[in-house]
Amino acid sequence: MQQTKTAIVWFTNNLRIHDNETLHKACVNYDRVIGIYCYDPSLFETTQFGFKKTGKFRQQFLEASVQDLKENLSRYNISLYTCYEHPHISLPKFCFSYKADALFFQKEFTTEEVDEVQRVKSKLPKEVKIYENYDQFLFHPDDIQYTIETIPEVFTVFRKRTEKYVKVRQEFLPIAKPKENYIIFKNTFEEERHLPRTESIDIPPHTAFPFEGGESSAIQRLQDYFFTTKKLSFYKKTRNGLLGTDYSSKFSSWLANGSISAKTIYWEVKRFEKEFGSNQSTYWMIFELIWRDYFKYLSLKHEANLFKLEGIKRTAYEWKTSEKLVAKWINGETDEPFVNANMVELKQTGWMSNRGRQNVASYLTKELLVDWRIGAAYFESMLIDYDVHSNYGNWQYVAGVGNDPRNRKFNIKLQAERYDTKGAYQSLWLQPTLF
Ligand SMILES: Cc1cc2nc3c(=O)[nH]c(=O)nc-3n(C[C@H](O)[C@H](O)[C@H](O)COP(=O)(O)OP(=O)(O)OC[C@H]3O[C@@H](n4cnc5c(N)ncnc54)[C@H](O)[C@@H]3O)c2cc1C
């Protein structure tokens, strides 16, 4: 009799069943497939600048995303085990208990993630085969026509060549396993015991990001933004907005933890264009997804320099670290009301628009001259959509140590006049009586 072959799928920032290459390949090649997600305690620690790595807004979003994944997987007869433990501790035990033949996961390339993967590999039973896939890009690394060393330092150069020559790959479909594949874990109560509880969260009703975590709500949002309201057709005109849920797609939070893939969004834009026509706005959604890819490629190329003070440009400036200046910035008590409104929005909701992010980052680094890594670490803690590559890459870009060829400084007053002409955004977040 043939022996059953078992694969474990270790979910990280790929919390989805659609277009999940790792999951798909495990299901195609192995008889039995079991999922695991580890809430890594390292992600809940306080880091060198005094901020908790994962703050309450992202933790809540993450928990909802994992719960949704669990439910979606169960419809395909695949179980998901969750635990609050370092992967290098749980995975070897888990692989041993279920006599795994293979471990599948998404390939990562930032320092902490790579170190953890190394620890996992060193502790796994030797007979467990390892399959790692790049699964977070729009353009697959094997298709981009650059070697890692030759990836251009300027976005436009990268974009022009990739959008001309690189074909976005097709999506991977989820595959159902037979009913017997579904198992009920004996000790699930442990996960409840260990996961740190989030503080209670009262999000103001006027938040620009009232959405829940998980693939189901990501797909719902895409359906609404593209096909129900056709807001995609106007995206280029509205994307610099500040008020309400619809000035931009709000896909970033789901993209960040992989509840939706960039490829799925790309192919849905293409479907939309076929049905309703293409225009500058439909193109611009893809343009922005290429920005996201580009920051990932810069991170792949520059490795640990993504986190260093001198940045990928290796430029030394005099930086301040004054706690007083930082506290004023965080609490929205600077001399600039536009900066303050954005910082209050972030503190109360875990969200800030792209326009806001550029302004508050420019103000911190180019007016207050504060060490950009402090701003980046605060964003890391607070943002629901925190993504290591986009966050650190954008911070470097604005701070003048990254890949902005022009090294611009924002004129905050002019920006406020231009993007918040009537001051509606500032009154919304600066009026103490509203919330
Ligand atoms: C200082 C700073 C920090 C940032 N930190 C993050 C972060 O941690 N996570 C994150 O996803 N984005 C980050 N961004 C980029 C950008 O602000 C957000 O991606 C965007 O505001 C998310 O809103 P949206 O999904 O509605 O975007 P849309 O305008 O609808 O764009 C669609 C998608 O394109 C991508 N995108 C758009 N702009 C950028 C950009 N500048 N860089 C990279 N990708 C982009 C995102 O994936 C986004 O979801 C940061 C920008 C700055 C200036």
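The following exchange concerns the ligand site and one helix pair in a predicted model.

Visitor: How many residues surround the ligand, and how do they divide into nonpolar, polar and charged?

Guide: The closest residues to the ligand are Y235, S248, S249, K250 and N354. The shell they belong to comprises 26 residues. By class, that shell divides into 12 nonpolar, eight polar and six charged.

Visitor: Which helix gives the most to the shell around the ligand?

Guide: Helices that each supply at least two residues of the shell include α9 (252-256), α14 (354-367) and α16 (388-399). Another such helix spans residues 280-302. With five residues, the helix that gives the most is α11.

Visitor: Which side chain has an N or O atom 2.6 Å from an oxygen atom of the ligand?

Guide: Two asparagine side chains face nitrogen atoms of the ligand: a polar atom of N391 lies 3.3 Å from one, and an N or O atom of N394 is 3.0 Å from one. The protein buries 96% of the 820 Å² that the ligand exposes when taken alone. For the ligand oxygen, the side chain at 2.6 Å is that of S249.

Visitor: Is helix α13 parallel or oblique to helix α15?

Guide: Helix α13 (residues 337-349) and helix α15 (residues 372-382) pack with their axes 9 Å apart. The angle between them is about 40°. Angles under 35 degrees would count as roughly parallel. Because of its angle, α13 is described relative to α15 as oblique.

Visitor: Which residues of α15 do M343, L346 and K347 in α13 meet?

Guide: The residues of the contact of α13 with α15 divide into five nonpolar, no polar and one charged. From α13, the participants are M343, L346 and K347. Their partners in α15 are Y378, F379 and M382.

Note on methods
Residues are numbered from 1 along each chain as its sequence is written. This is a predicted model: local features need pLDDT of at least 70, side-chain atom pairs count only at pLDDT 80 or more; totals for chains, interfaces and linings use all residues. Side-chain values use heavy atoms; hydrogens and water are left out. Axes are lines fitted to C-alpha atoms, for helices over the stretch in contact, and angles run from 0 to 180 degrees between N-to-C directions. Helices (H or I, at least four residues) and strands (E, at least two) are DSSP runs, numbered from the N terminus. Angles under 35 degrees count as roughly parallel, over 145 as roughly antiparallel, 65 to 115 as roughly perpendicular and the rest as oblique. Contact means heavy atoms within 4.5 Å. Ala, Val, Leu, Ile, Met, Phe, Trp, Tyr, Cys and Pro count as nonpolar, Asp, Glu, Lys and Arg as charged, and the others, Gly among them, as polar. A residue is near a molecule or strand if one of its heavy atoms lies within 4 Å of it. A polar contact is a pair of N or O atoms within 3.5 Å; within protein, one must be able to donate a hydrogen and the other to accept it, and residues adjacent in sequence count only if both atoms are side-chain atoms. Accessible areas come from the Shrake-Rupley method with a 1.4 Å probe; for residues, only the protein chains shown count as cover.
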